[in-house]
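I opened this notebook to keep track of what I looked up, entry by entry. The structure comes just below, and my notes follow it.

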Amino acid sequence: MRGADVLAQVLSESGQDTVFSLSGNQILPIFDAFLEPGIRLIHTRHEAAAAFMAEGHAQVTGKPGIALVTAGSGLANALTPLITARASQTPLVLLTGDSPVRDDGRGAFQEMPQTAITAPVTKWSVRVEDSDEIAEIMLAALDRAHEGQPGPVHVALPVDILEAKSIAPSPVSPHPQPESTTGFDILRETLGSADRPLIVLGPALSRSQSSLEFGRLCAPALAMESPRGANDPALGRSKAAWREADLVVALGKPIDFSVGFGAKPLWPNARWITVHGDSREVDRARRNLGDRLIEAFHSSPRRVAEALVSAERVGKRRDEWCDRVARWREARIHAPDAGGVLTSPLVCSAVQAYLDGCRNPIVICDGGEFGQWAQALTNAPLRIINGVSGTIGGGTCYAIGAKVAAPESDVLVLMGDGTAGFHFLEFETAAREAIPFIAVIGNDQRWSAEHELQRRNYGEDRTFACTLSGARYDLAAAALGAFGAHVTRPEQLPQALRDARTSGRPACINVDMTGLPAPSF
């Protein structure tokens, strides 16, 4: 049995049946090894796209997404999704080819210190140097991606190790370490005594907030997974709660820029408790909060959250406080009447009307100003956004990964025309692999976020180099095997959405619109 066969066996027996990849000579042994266990290989057009798809897949399934790319530039191309997965707290395993161990130091093709490159943006980065270690390292990678604070790991696989004979492993399955709930009793008692507590959830818990009934604790929760923090338009006017909270419990939420570093001017009355699975974030909380930090626990936020919602409630009822935070959270800006002109909010409102009639919809929001309108005005049982890293461009890939993970769900991605350009060729991947989803491109012919920043900071006559064309993305998508529709008037959009769904193909709806600055509360 080759090392590559051991790798395939471990993945298969661990319940991993799909891998997103772009081929390269060092990883072809793995392609060959996937044939026997029947692992599905989604062959993409760019390495970053493969890793973004794995991230989207993981956000839907809750288990690590698997991406496989070659060494050298293949690894370099996949770095950005590692950054997004780390910020979005998504379990992801990036497998890369590597130059042969036997040629280390000789200047082999694409020889480079891969693990040194990925270590700063992963939970764990390791190179396999003995074929008999593959099973153990792969199991550890799957565990580490998921345990504690979920995130990406990287495993470098030298081609000679993949081709070498390896001891066939015993039947394997992941053996995650028990996750600690350190500090639970202290947290529960402190929470019970507060007058206006606020629970702030990190991205990993944001995706499961509907199953965590914090309401029974009489403590409102804010799910924060945007670089705009409480200015995420999906959170309405929730920033008002920052001024009034007397206790903030941060479950998996880093004390970083997105919460204003916890600074007293923004949180004038708050004491803090933080629970995080990354010791570096625990240290950061101590540094940023100083003596306002009551306790900082290096523990599993998910396990602590689950223990909180299942425990008997202690302390006072705070119905009025919970109602106030709920009203702030649900506040929305209504789309202004544009006299029949398509605008960002009008497009998003029409898309929401469509989503309301879908079966278990998944909505994906990607981009700058248009993406913010999408976050404000669209919602579904599962929402994926471009996340705390602020990286744009993965939306099409997230949609493909999500649809593979949930084939019975209607998957729709909203993105601006700037965002659409990053991985547009993945429409060909989706068409080839028969993965239907709908992409709505809000086409205002510019990089709107940067245009707005230039306009505000430098003046109306100083907007520069942010213009795009009225490109027919619908025709380009159709040429790649997808369904395409061009919308120029409001009344055309509902029918275009219905036609896209009926087509049974990946679909691109190119909407000519007037972009508006992102909503602000």
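**Helices and sheet**

I began with helix α7 (residues 134–146), which lies across β3, β4, β5 and β6 and runs at about 165 degrees to β6. Contact here means heavy atoms within 4.5 Å, and angles run from 0 to 180 degrees between N-to-C directions, with axes fitted to C-alpha atoms, for helices over the stretch in contact. Helices (H or I, at least four residues) and strands (E, at least two) are DSSP runs, numbered from the N terminus.

I noted that this is a predicted model, in which local features need pLDDT of at least 70 and side-chain atom pairs count only at pLDDT 80 or more, while totals for chains, interfaces and linings use all residues. Residues are numbered from 1 along each chain as its sequence is written, and side-chain values use heavy atoms, with hydrogens and water left out.

I then looked up helix α5 (residues 79–88), which lies across β4 and β6 (152–158) and runs at about 155 degrees to β4.

For the sheet, I found six strands in the open order β2-β1-β3-β4-β6-β5, paired in parallel; two strands pair if DSSP finds at least two bridges between them. Because β2 (40–43) and β5 (124–127) stand at the edges with a single partner strand each, one side of each is left without a neighbour in the sheet.

I checked one pair within it: β3 (residues 65–69) and β4 (residues 92–98) pair in the parallel sense over five bridges, and V69 stands opposite T96 in β4.
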